[in-house]
Amino acid sequence: MVHYNGYVGLGVAGNFALHLEQAGESADFKDVVSEDPNGPKGMFPFYVPGREGQLGVYPISSDTILLPNEACNVQPEPEVALICDLIYDGEGKVTQIIPKFFGAYNDCSLRKEGAAKISHKKNWGDSSKGLSETLIPIDSFDKGGVMDTYRIASFLRRDGNLFRYGEDVELLGYSYFYGKLLDWMIHQINTQTDFGPLEPISDYLNAAGLPRQAIISIGATRYTHFGETNFLQEGDEVIVVIYNNALYCMNPILMMANRGGLDVTGVSALVQKVVRA
C-alpha cells in the first residue's frame, strides 16, 4: 500500500441518503449551505503528501485497522474508492478528474463530538484507512460503463460470527455519480473554503505541489442496525466487498465472505483485522 504515498487522499461527505444521520454527523453540517439539499455536503482531505501534521501521515492499509490510543468509538465506513488522475490549469485549479480504477475502501472514522474538521476524525495515523489491493479498471465512468452492474456490501466478523454491517446496495444508488459527481467534485475542490467542518482543498493541493493522482472515496453507504450500533473492538475483522451483480448476488457473496473466498473475478474485496498498538 505504500505505493500510494504520493497520491492525495480526498473524500466526499454525505453522498448516500441517511448515512450522515446514522453516523451522528448531520449536525456538523448545519451551517453548510449547498445548492442541492439532497446532494453531498462537501469534501475533506484524509491524506496530503508532504503536509506537516496529521494529514501528512500515510494512513492506508490493505489488511489492518490500528485502533487509536485515545478512548473513542471507531466505526468502519464501507465505500467505493476511485483511483484518479488530476489535471490542472496554469493557475493550479483542477480542470479534470479522470477515474482509472475503483475498489473496496474503508473510510474508518472516529465518532467523537467537538471535532472542528471532518479530517480530524479520519486520519489518526498508520493503518487508519483501508483500500483493497484488487482494483477494477474503469472503461468509462458513465452510464453503460463497467460500474453499472456493481454493488457494495460489508460485514463484520466478531467472535467467529459474521454480521452484515452495511446495507447491500448498487453503486448507482449514490446521490451523485458519474459525470454529475465529477462536475461537483471539480467545483468543490476549486471553491471550497475554510468554513465549519470543511477545509480549503485547493490551497492544500497547491501547497503539496499539485499531486497528479488521487484516491477519492465517494461516500459511505447506509448501515444495517447492527452496523449503526456496533463499533470496532480488538480482534474484529472488517470486510468490504464490491461485486459484479451480473456474476454474483447477495447471499453467495455472504457465503464467500464467511469462508474467505473473495479472491474471484468481478470482486474487489478488502479484509482488515482490527488490532491495538
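Is Y165 buried or exposed? In this predicted model, Y165 is buried, with a relative accessible area of 2%, a value under the 20% that serves as the limit for a buried residue. The residue belongs to strand 12, which covers residues 161–170.

The ring of Y165 takes part in an aromatic pair with the ring of Y223. The two centres are 5.6 Å apart and the planes stand at 90°, so the arrangement is classed as edge-to-face. Y223 is placed in the loop between strand 13 (213–217) and helix 4 (225–229), and the pair thus links distant parts of the chain, 58 residues apart. Y223 likewise counts as buried, at 1% relative accessibility.

In total, 13 aromatic pairs were counted in the model. Among them is the pair of F46 and Y105, whose ring centres are 5.8 Å apart. The planes of these two rings meet at 45°, so the pair is tilted, the class for angles that are neither under 30 degrees nor over 60. F46 lies in strand 2 (residues 42–47) and Y105 in strand 7 (residues 94–106); because these positions are 59 residues apart in sequence, the pair ties together separate parts of the chain. F46 is buried, with a relative accessible area of 0%, and Y105 is buried at 0% relative accessibility.

Ring pairs also join F16, F141, Y174, F177 and Y178 into a cluster. A further contact with an aromatic ring involves a charged side chain: R51 lies over the face of Y204, at 3.9 Å from the ring centre.

Y178, a member of the aromatic cluster, also has a notable backbone angle. Most residues other than glycine have a negative phi. Y178, although not a glycine, has a positive phi of about 55°. This residue is found in helix 2, which comprises residues 178–191. Y178 is buried, with a relative accessible area of 6%.

A positive phi occurs at S127 as well, with a value of about 60°, although this residue is not a glycine. S127 is located in the loop between strand 8 (109–111) and strand 9 (129–131), whereas Y178 is part of helix 2. With a relative accessible area of 8%, S127 is buried, because the value falls under the limit of 20%.

Methods
Residues numbered from 1 in each chain as written. Predicted model: local features only at pLDDT ≥ 70, side-chain atom pairs only at ≥ 80, totals over all residues. Heavy atoms only, no water. Helix = DSSP H or I, 4+ residues; strand = E, 2+ residues; numbered from the N terminus. Buried < 20%, exposed > 50% of the residue type's maximum accessible area, 1.4 Å probe, protein only. Phe/Tyr/Trp six-rings, centres within 6.5 Å; stacked < 30°, edge-to-face > 60°. Lys NZ or Arg CZ within 6 Å of the ring centre and 35° of its normal.
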